[in-house]
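Let's talk through the charged side chains of this protein together. Have a look at the sequence and the structure first.

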Amino acid sequence: MNPELVEASRGGIVESVHRGALAVVDARGASVHALGDTTRPVFARSAVKVLQALPLVTSGAADAFALSDEELALACASHNGQAPHVSTAAKMLAKAGLDEAALECGAHWPQHEVAQRELAAGGPAAVGRPLSALHNNCSGKHAGFLCVGCLMARASGRDAREFVRGYVRAEHPVMREITAALQAATDADLSQAPVGVDGCSIPTFGIPLTQLALAFARVATGVSLSAERARAAARLRAAVAKAPFYVAGSGRFDTRVMQRLGERVFCKVGAEGVFCAALPEQGLGVAIKVDDGNNARAAEVVMAAVIEALVRLDNDERTFMRCLSDVTLKNWNGIEVGALRATAGLRAAFVAER
């Protein structure tokens, strides 16, 4: 059984716990910290969007379509669907000669409550458009895929709209490039890995935490990546550090942490309690899986505790991170009712292994 990583307390007792596993690995593949079962395959889902964005840069599409830092950050994003996210995804598509009709990620309402209300009322989040795939949290990633596909079509003399149709399928040339980048970064044999369908309709692969952490250590350092992929990883990290709003949005953990810590941390949440991070100064990669799939109440708390333990922080930054790893819980009247915190065992594990 995996160890308890997060506990929720109320009235002086522990009300519930969240178990899970985590791996911290260097770019050579050596384990630096490990808790729980780090070898079981997990579907990383959105946590690996930076790996899936590598072909956007290595193919030359980012330069061919003059993508900005904001657009590159959005290609790595699970965004809120706020107005700047939606308009930036649309701009990416327009640069490639496409519109939202080319997106195959599906539509859902913005994850940000204010953006939902604005869209329903035809306000700023609507950006002059009804609800569409542009509001999907993965629209930036998919716009990046389409940029890659349009460059492929241009090189082969084919019609871009026709070429990119069905790009979400595993056998499509675009998705083969995405899968190749993921395999190269993780060293996982994806032909033998469990395969599912992600929420945005692309293939998702079951990969152990150790190999996910390895991939993020490589993103942090470029070690063992090809020269082109190493440069792409550095460019994507820099873009996100310059425009962290675009990788998540208002109030979101990833945006808040990277706004505060800059290039010292690249972190990306996935679905079902998976969270990954690259720590460039330490040359480390982190991969977390919370067993019950809880993100906001558990995976974020674990990631905050890991960053506290491993990243160089000043006193103000340490206080900021502690507020994310030791959270005061309040009810709807603003009354303090409990706490959500990293367990003593999780914190002690990092102290013991230093």
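What follows is a short conversation about salt bridges in this predicted model.

Student: How many salt bridges does the count come to?
Tutor: A good place to start! A pair is counted when a side-chain nitrogen of Lys or Arg is within 4 Å of a carboxyl oxygen of Asp or Glu. By this rule the total is 17.

Student: Which strand holds Arg 19, the salt-bridge partner of Glu 4?
Tutor: The side chains of Glu 4 and Arg 19 form a salt bridge, at 3.3 Å from N to O. The two residues are 15 apart in the chain, with Glu 4 in strand S1 (residues 4-10) and Arg 19 in strand S2 (residues 13-26). So the strand you want is S2.

Student: Is Arg 237 buried or exposed?
Tutor: Arg 237 pairs with Glu 263 in a salt bridge of 3.8 Å, N to O. Arg 237 is in helix H11 (residues 227-242) and Glu 263 is in the loop between helix H12 (253-261) and strand S7 (266-269), so the bridge ties together parts 26 residues apart in sequence. Glu 263 is partly exposed at 44% relative accessibility. For Arg 237 the relative accessible area is 12%, and because buried means under 20%, the word for Arg 237 is buried.

Student: How many residues apart are Glu 317 and Arg 264?
Tutor: These side chains meet in a salt bridge of 2.6 Å, N to O. Glu 317 belongs to helix H14 (residues 315-325), while Arg 264 sits in the loop between H12 and S7. Both Glu 317 and Arg 264 are buried. Along the chain, their separation is 53 residues.

Student: Which residues are linked with Glu 308 in a network of salt bridges?
Tutor: Here we have a network rather than a single pair. Glu 308 is the acidic member, carrying a negative charge by the usual count, whereas Arg counts as positive. The residues linked with Glu 308 are Arg 322 and Arg 347.

Student: Why does Glu 7 have no salt bridge with Arg 341?
Tutor: Glu 7 lies in strand S1 and is buried. Leaving aside neighbours within four places in sequence, its contacts include Val 14, Ser 16, Ala 339 and Arg 341. Contact reaches to 4.5 Å, but a salt bridge needs the charged atoms within 4 Å. Glu 7 therefore goes without one, because Arg 341, the nearest side chain of opposite charge, is away by 4.2 Å.

Terms used:
Residues numbered from 1 in each chain as written. Predicted model: local features only at pLDDT ≥ 70, side-chain atom pairs only at ≥ 80, totals over all residues. Heavy atoms only, no water. Helix = DSSP H or I, 4+ residues; strand = E, 2+ residues; numbered from the N terminus. Buried < 20%, exposed > 50% of the residue type's maximum accessible area, 1.4 Å probe, protein only.
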